[in-house]
Amino acid sequence: MIGHLSHPAGSTRPALVLDRRVLPPDGRELDEALLIARSWVADTYRVPVSAIAMIEPSRDPRFDLDYRSERHGGGHALLAAVAVADRLAWLPRDRPASRARINVVDTGHRVLCERDHTGTGFGLEFAYRRPRRLGDLLPSGSALLPVDGMEVSLVSAGRPYLFVDAADLGVHDQRELFADAFTARLGWRLAQLARAAARLLGPARIGTGLRAAAVGQYQYRRLAVRPLPVPGDRMLTPGGTTTLAAAAAIDGTVPYRLARRGWSRLDELVIDTPAGTTVARLSVSGSGADDTLNRAGVRRSTVRYCGPVVIEPLRHLLGTPDGRLCRRR
């Protein structure tokens, strides 16, 4: 089997993108194939991958591409998948900055992807299947939740996140928040808060893969964010970016309070991270619990295509480097 490695900006590890059509059906066989692919690429090419994405040209005329992800694939995997699909000429090329229509099979969401003329810059816009009530984005049912002696906000809009005010951790400027010493000094505290929140609410309410981030407000109309260091990330994924922007639009949350202090707009949030700056744009009806989130967009991110990789243990699942299918032998 031939896979493809693609490296989104802000991730320290590439994602592995596979052709869904040659993989086994859902179930144990598929899980085993993905585990084999991940292990083979890590051992043979010395490349640990951040996530595995599965794509195929969509048979639905409303979409150009069907996308599925390994558990907790995240937005970086989606960016990587779109870059590979573009490289394989699976996406329309009728104009320099055409919009590709992506069907996220896992969630039913529709994603519009705009590419620049270089073929390396991709912007994402999430169009939710139904408008999402802002109150439903709060797993705890409230904007603030006391956890382990601190007030935090738990928000899930693309990925569940715990947000804490950096000032409550004793961090009062952006340089200190982004310094390497932050991880050694306070990274453990963020991890502790995430574990305590997960125990408090349980997987039924918060799901799995809860991440945490410290948020500060130091510049006009900007928030500074330091995610909990995890393998592969030095900035928020697109899912994390939309979750933070949604949190900043919900009255009473930690990000909302900080965003209003800096006079940020409700429909646009400028976000600084140690790896760079991004912009999230929302379509929301207001900031109350009964208001709705209709769309969320993330400004263009750069993705580098790293090339094809041969996964020898899956040689019975055949494909070619340009994405054409071969008959199984």
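Biologist: Is D19 buried or exposed?

Modeller: This is a predicted model, and the answer applies to that model. Buried means under 20% relative accessible area. D19 has a relative accessibility of 11%, so D19 counts as buried.

Biologist: Which side chain meets D19 in a salt bridge?

Modeller: The N to O distance in this salt bridge is 2.8 Å. The cut-off for a salt bridge is 4 Å, and the partner of D19 is R21.

Biologist: What is the relative accessible area of R21?

Modeller: R21 shares a salt bridge with D19, and D19 is buried. R21 itself is partly exposed. The relative accessible area of R21 is 35%.

Biologist: How many salt bridges does a search of the whole structure find?

Modeller: The pair of R21 and D19 is a salt bridge, and so is the pair of R295 and E125. The search of the whole structure gives a total of 16.

Biologist: How many residues apart are R295 and E125?

Modeller: R295 and E125 form a salt bridge, with the closest N and O atoms 2.6 Å apart. R295 is in strand β15 (residues 292-310) and E125 is in strand β7 (residues 121-133), so the pair links distant parts of the chain. R295 counts as partly exposed, at 35% relative accessibility. The separation between R295 and E125 is 170 residues.

Biologist: Which residue meets E176 in a salt bridge?

Modeller: E176 counts as partly exposed, at 26% relative accessibility. Its partner is also partly exposed, with a relative accessible area of 40%. The N to O distance is 2.8 Å, and the partner is R185.

Biologist: Which residues are linked with R265 in a network of salt bridges?

Modeller: Here the salt bridges form a network that includes R265. The other members of this network are D267, E268 and R281.

Biologist: What is the phi of R46?

Modeller: Most residues other than glycine have a negative phi. R46 is found in the loop between α1 (28-44) and β3 (52-57), and R46 is exposed, with a relative accessible area of 64%. R46 is not a glycine, yet its phi is positive, at about 55 degrees.

Biologist: Where is A89 found?

Modeller: A89 is a residue other than glycine with a positive phi, near 60 degrees. A89 is found in the loop between α2 (74-87) and β5 (99-104).

Key:
Residues numbered from 1 in each chain as written. Predicted model: local features only at pLDDT ≥ 70, side-chain atom pairs only at ≥ 80, totals over all residues. Heavy atoms only, no water. Buried < 20%, exposed > 50% of the residue type's maximum accessible area, 1.4 Å probe, protein only. Helix = DSSP H or I, 4+ residues; strand = E, 2+ residues; numbered from the N terminus.
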